[in-house]
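Subject: Structure for you to look at

Hi there,

Here is the structure I promised to pass on. Please open it alongside this email, and I will go through what turned up.

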Amino acid sequence: MMMTFRSVQTKINIILGWIFGILHHELKRLILSLLSQCQGGQGLNKTRLLGLIVFMVSASLLLSACGPKSVILDVEMKEFAFIPDRFTVPAGAKVTLKLKNTGALEHEFVIMVFGKEATLPFNEDDEANIYWEAELDARENAIVEFTAPSEPGEYQVVCGTPGHLEQNMKGVLVVTP
Ligand SMILES: [Cu+2]
């Protein structure tokens, strides 16, 4: 299941890289053509260039103000705890989760859906109530992303590796409005 998730992530990254590559190329062309016009020494073009820069800066400020919030969380996993074990994110935010498994066992970062708590033992019944999950091998580090739930409240986080919830390996994701 996680392999599928990772290969989808990889594909998205490749597509994003491709899009940014094109955007970057187009921006470079635009700047070069504007610069060559300036070197023509026409005052009018400089005014237009200034206008364009002001427009682009305002547009990017507007976009960053209106766009989704983003948060970075650093979480260590080991036997048998999440450190820290309480994380706060705004509703709908883009969350970059920097996971570090410093333990000698595989650990999972599983967020349960709102109002659902994992039961012992963690099994297929609980799998149906997963909002999002990541899985790390022993000593593995990973940077993963997910979108925070839109419903504010407290979400249970557990380790889905068999036997770990029994060792109280859990945390809380607090989603603020
Ligand atoms: Cu674990």
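Let me begin at the N terminus, with a caution: over residues 1-6 the pLDDT stays under 50, and the model has one contact beyond four places in sequence for that stretch. This is a predicted model, and where pLDDT is low, the predicted coordinates should not be read in detail. For the chain as a whole, the mean pLDDT is 83, with 65% of the residues reaching 70 or more.

Now the general layout. The chain has three helices and nine strands. Reading from the N terminus, the order of elements is α-α-β-β-β-β-β-α-β-β-β-β. Of the 177 residues, 20% are buried. If you take the contacts between residues at least 6 apart in sequence, 70% of them join residues at least 24 apart.

**The five-stranded sheet**

One open sheet is built from five strands in the order β3-β9-β8-β5-β6, and its pairing is mixed. Its edges are β3 (86-90) and β6 (130-136), each of which pairs on one side only. From one strand to the next, the twist averages 20 degrees.

Strand β9 is a good place to look at the mixed pairing. With β8 it pairs in the antiparallel sense: residues 153-158 of β8 and residues 170-176 of β9 are linked over six bridges. With β3 it pairs in the parallel sense, over five bridges. Leucine 173 in β9 is the bridge partner of tyrosine 155, and leucine 173 is also the bridge partner of phenylalanine 87. Further along the β8 pairing, valine 157 stands opposite glycine 171 in β9.

In a regular strand the side chains alternate between the two faces of the sheet. You can follow this along β9: Gly171, Leu173 and Val175 point to one face and are buried, while Lys170, Val172, Val174 and Thr176 point to the other face and are not buried. Edge strand β3 also has two faces, a covered one with Phe87 and Val89 and an uncovered one with Arg86, Thr88 and Pro90.

**One residue to zoom in on**

Try glutamate 154, which is found in strand β8. Is glutamate 154 buried or exposed? Glutamate 154 is exposed, because it has 12 other C-beta atoms within 10 Å and a residue with 12 or fewer counts as exposed. Leaving out residues up to four places away in sequence, glutamate 154 touches Val172 and Val174, and both of those valines are on the β9 face that is not buried. Glutamate 154 and leucine 173 are 19 residues apart in sequence, yet their C-alpha atoms are 5.7 Å apart in space.

**The nonpolar core**

In soluble globular proteins, nonpolar side chains tend to be buried together. Here the largest nonpolar core has 25 residues, and those with the most contacts inside it are Val110, Ile111, Val157, Val158 and Leu173. At least two residues of this core come from each of β3, β4 (94-101), β5 (107-112), β6, β8 and β9. Strand β5 gives the most, with four residues.

Which residues does valine 157 touch, not counting residues up to four places away in sequence? They are Phe82, Phe109, Val110, Ile111, Lys170, Gly171, Val172 and Leu173. Val110, Ile111 and Leu173 are also among the residues with the most contacts inside the core.

**The four-stranded sheet**

Another open sheet has four strands in the order β2-β1-β4-β7, again with mixed pairing. The edge strands here are β2 (81-83) and β7 (141-147), and each pairs on one side only. The twist averages 30 degrees from one strand to the next.

Strand β1 (residues 70-78) and β2 run antiparallel and are joined by three bridges. Within that pair, lysine 78 stands opposite alanine 81 in β2.

If you want a starting point for browsing, I would begin at leucine 173: it has bridge partners in phenylalanine 87 and tyrosine 155, and it is listed among the core residues with the most contacts.

Happy browsing, and all the best!

Terms used:
Residues are numbered from 1 along each chain as its sequence is written. This is a predicted model: local features need pLDDT of at least 70, side-chain atom pairs count only at pLDDT 80 or more; totals for chains, interfaces and linings use all residues. Two strands pair if DSSP finds at least two bridges between them. Axes are lines fitted to C-alpha atoms, for helices over the stretch in contact, and angles run from 0 to 180 degrees between N-to-C directions. Two residues are in contact if their C-beta atoms, placed from the backbone, lie within 7 Å. A nonpolar core is a set of buried Ala, Val, Leu, Ile, Met, Phe, Trp, Tyr and Cys residues joined through C-beta atoms within 7 Å. pLDDT is the predictor's confidence in each residue, from 0 to 100.
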